Amino acid sequence: MDNNVIKQNNNQPPIKSGQVELFPKIADPKKFLFVSLESLSGDLAWHIKNEGHEVKAYIKSESDLDVYNGFVDKIDNWEPYVDWADVIIFDDVEFGATADKLRTKGKLVVGGTKYTDDLEMDREFGQAELKKYGINVLPSWNFSDYDSAINFLRDHPDRYVFKPSGNIPSSGKGLLFLGEEEDGKDILEILEQNKEVWCKKAPTFILQKYVSGVEIAVGAFFNGQDFIYPININFEHKRVFPGNLGPFAGEMGTLMFWSQPNVLFNSTLAKMKQPLAESGYIGYVDINTIVNGRGIYPLEWTTRFGYPTIQIQQEGILMPMGEFLLKLARGENFELKTKKGFQIGVRILVPSYFAKKDQEITDLYHDLPILFKKINPTLEGIHIEDIKIEHGVWRIAGESGCLLVITGSGSTVTEARKQVYWRIKNIMIQNMFYRVDIGESWLEDSDKLQTWGYL
């Protein structure tokens, strides 16, 4: 074995470090079925498999055909495995109605409901529900016609944010546009010039009034009746390049910590307990907000695992993930065991991320190996995205260009940053790139949040 190539046989026993078995056999292994639109939750599935459970994964997207090969057992159709599974995990929206039906049949399901799908996918409905339960919301206007939106901007000059509605795939995250002009002329021009193209990619969208402040999200796992504590506070870094430059990528990295209920939670997510319980939702739920000295302003819902949020949360969760998700699916009330301090995750990409329609560039990076300067026998802090194992070697798979999420933790943000970037320096992938400033703004942001009384 080359010293700098991670090799793993899909049938090999748990990886060992000295005499310590990293994934010890469990007494009562369960069967987990993952159902996905895109290749999103393979890392979670892989970790549950390594805990000793049996895992099967279905991925609908044809562009993800070889993603996770060698890591988990993939299937072409998930429905024949419903009776086989002890726990079914829907890792995205759009499956809510199906999950509802399976729950009525007595299946243990982690995933959405019809109600929670609508909260995330229909931005207008999501904002209306927040308002209904006494949560302050920013003025926003829903559109399905670009000319109507253009006329609205001309009649109501102001600073706005353009947000597509519906379940936007990972490749479409860059359509979000944050206006910078106080009279809205920049968004007006963007819509005028792009309406012919965008009407196909984002047929429905909202214009939301812009407000300045600190962007912060509050989330928690929900067991069908109540929240599981502690809650999760996280700070997303959505643009591709350091300094918040470049296009929106969905997420390039996140700083987070676990907390008991605080002002932010009690003012937002806690007020949604009743409708979440009435819908029978089981999974992770998150509200992204902007806060300042005048108030808390919810921006959008996440009613599913976040990506790479769930990878970074694994850095901080001290329970085996299979045990945790089984308890959650059963509706048990328990305390989630988590690390104190902070966790940071950084996403590793290659240039094919920018060339999803350029087959030549995609092919150039496809199958390249994932190399390590020093062997990491425990794989600590390494979380997979679109990669595979071929002949025992980790290689780039799929077409997304998103390869790994590297995580670290520490009692301070400085310690967590030091660990995660130390781990990244051990990785060698041709032309890989990542943000070097994840968590860097914590010092200033935390001062503001403390002054405003949110933390």
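Buried here means under 20% relative accessible area, exposed over 50%, and partly exposed in between, with a 1.4 Å probe and protein chains only. Helices (H or I, at least four residues) and strands (E, at least two) are DSSP runs, numbered from the N terminus.

This is a predicted model, in which local features need pLDDT of at least 70, side-chain atom pairs count only at pLDDT 80 or more, and totals for chains, interfaces and linings use all residues. Residues are numbered from 1 along each chain as its sequence is written, and side-chain values use heavy atoms, leaving out hydrogens and water.

Let's begin with helix α3, where Tyr 115, Thr 116, Asp 117, Leu 119 and Glu 120 are buried. Its neighbour in the table, α2, spans residues 96–104 and buries Gly 96, Ala 99, Leu 102 and Arg 103. These four cover an arc of only 120 degrees around the axis (taken from the directions from the helix axis to the C-beta atoms), which puts them on the same side of α2. Lys 101 and Thr 104 are exposed on the face turned away from that buried side. After α2 comes Gly 106, with a positive phi near 90 degrees.

What covers each helix? Contact means heavy atoms within 4.5 Å.

| Helix | Cover of its buried residues includes |
|---|---|
| α2 (96–104) | β6 (87–90), β7 (108–110), α3 (114–121), β15 (282–292) |
| α3 (114–121) | α2, α4 (123–132), α8 (273–279), β16 (295–302) |

Elsewhere, Phe 354 sits in the loop between β17 (342–349) and α11 (359–365). Phe 354 counts as partly exposed because its relative accessibility is 44%.
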